[in-house]
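Q: I have a small protein model open and would like to learn how to read it feature by feature. Could you walk me through it?

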Amino acid sequence: MDGSTYELDLNEAHTTQLRVALRRYVEAASRTIKPRGKVRPADQGKGGKSTQVRAWAKEQGLPVSDRGSIPATCWKNT
């Protein structure tokens, strides 16, 4: 919803209540297909852990580009 994904852990009674509350919206909705392919871990987005790993690798004199894949040797030491 609004660009965010949520996960709920509901008991049976609450699951039923949620289904009832959402039924009219689900019936009116179009079904989508989940995209296939790589899913980026949350910590590798813009400004995430990958930024920290790149900075650390550069400080250590390790070859790492500003964009693209980060060599596994850089991730091991973070």
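A: Gladly. Let us start with a definition: a residue is buried when its relative accessible area is under 20%, exposed when it is over 50%, and partly exposed in between. Keep in mind that this is a predicted model. By that rule I70 is buried, because its relative accessibility is 13%.

Q: What share of the chain counts as buried?

A: Of the 78 residues, 10% count as buried. The accessible surface of the chain comes to about 7600 Å², and carbon and sulfur atoms contribute 52% of that area.

Q: How many helices and strands does the chain have?

A: There are three helices and zero strands, so the DSSP runs read α-α-α along the sequence. As for contacts, take those between residues with a separation of 6 or more: 15% of them join residues 24 or more positions apart.

Q: Which residues do the UniProt domain annotations cover?

A: The record, an unreviewed entry, gives "domain: Lsr2 dimerization" for residues 1-31 and "domain: Lsr2 DNA-binding" for residues 49-72. In the model, residues 1-31 are 55% helix and 0% strand, with the end C-alpha atoms 15 Å apart. Residues 49-72 are 50% helix and 0% strand, and their end C-alpha atoms are 14 Å apart.

Q: Which residues make the nonpolar surface patch?

A: The patch is made by L8, L10, L18, L22, Y25 and V26, and has an area of about 560 Å². Take L18 as an example: it is found in helix α1, which spans residues 12-28. A patch residue needs over 30% relative accessible area. L18 has a value of 33% and is therefore partly exposed.

Q: Now for charges. How many salt bridges are there?

A: The general idea is a side-chain nitrogen of Lys or Arg within 4 Å of a carboxyl oxygen of Asp or Glu. By this rule the count is one salt bridge. It joins the side chains of K58 and D66, at 2.3 Å from N to O.

Q: Are the two partners, K58 and D66, buried or exposed?

A: K58 has a relative accessibility of 43%, so it counts as partly exposed. D66 is exposed, because its relative accessible area is 59%.

Q: What is the nearest side chain of opposite charge to R54?

A: That side chain is D66, 6.4 Å away. A salt bridge needs the atoms within 4 Å, and R54 has no salt bridge although it is buried. R54 lies in helix α2, residues 49-59.

Q: Which residues does R54 touch?

A: Leaving out residues up to four places away in sequence, R54 touches V64, S65, D66, R67, G68 and I70. Contact here means heavy atoms within 4.5 Å.

Q: Where is I70, and how far is it from R54?

A: I70 sits in the loop between α2 and α3, the latter being residues 72-76. I70 and R54 are 16 residues apart in sequence, and their C-alpha atoms are 7.5 Å apart in space.

Q: Where is R67, and is it buried or exposed?

A: R67 is also placed in the loop between α2 and α3. R67 counts as exposed because its relative accessibility is 71%. You can also look across to T51: R67 and T51 are 16 residues apart along the chain, with 9.8 Å between their C-alpha atoms.

Note on methods:
Residues numbered from 1 in each chain as written. Predicted model: local features only at pLDDT ≥ 70, side-chain atom pairs only at ≥ 80, totals over all residues. Heavy atoms only, no water. Patch = residues over 30% accessible without salt bridge, like charges linked within 9 Å, V, L, I, M, F, W, Y side chains within 5 Å. Areas by Shrake-Rupley, 256 points an atom, 1.4 Å probe, with all protein chains shown as cover. Helix = DSSP H or I, 4+ residues; strand = E, 2+ residues; numbered from the N terminus. Buried < 20%, exposed > 50% of the residue type's maximum accessible area, 1.4 Å probe, protein only. UniProt positions renumbered as here; feature names shortened; annotations may be inferred. Lys, Arg positive; Asp, Glu negative; His and termini not counted.
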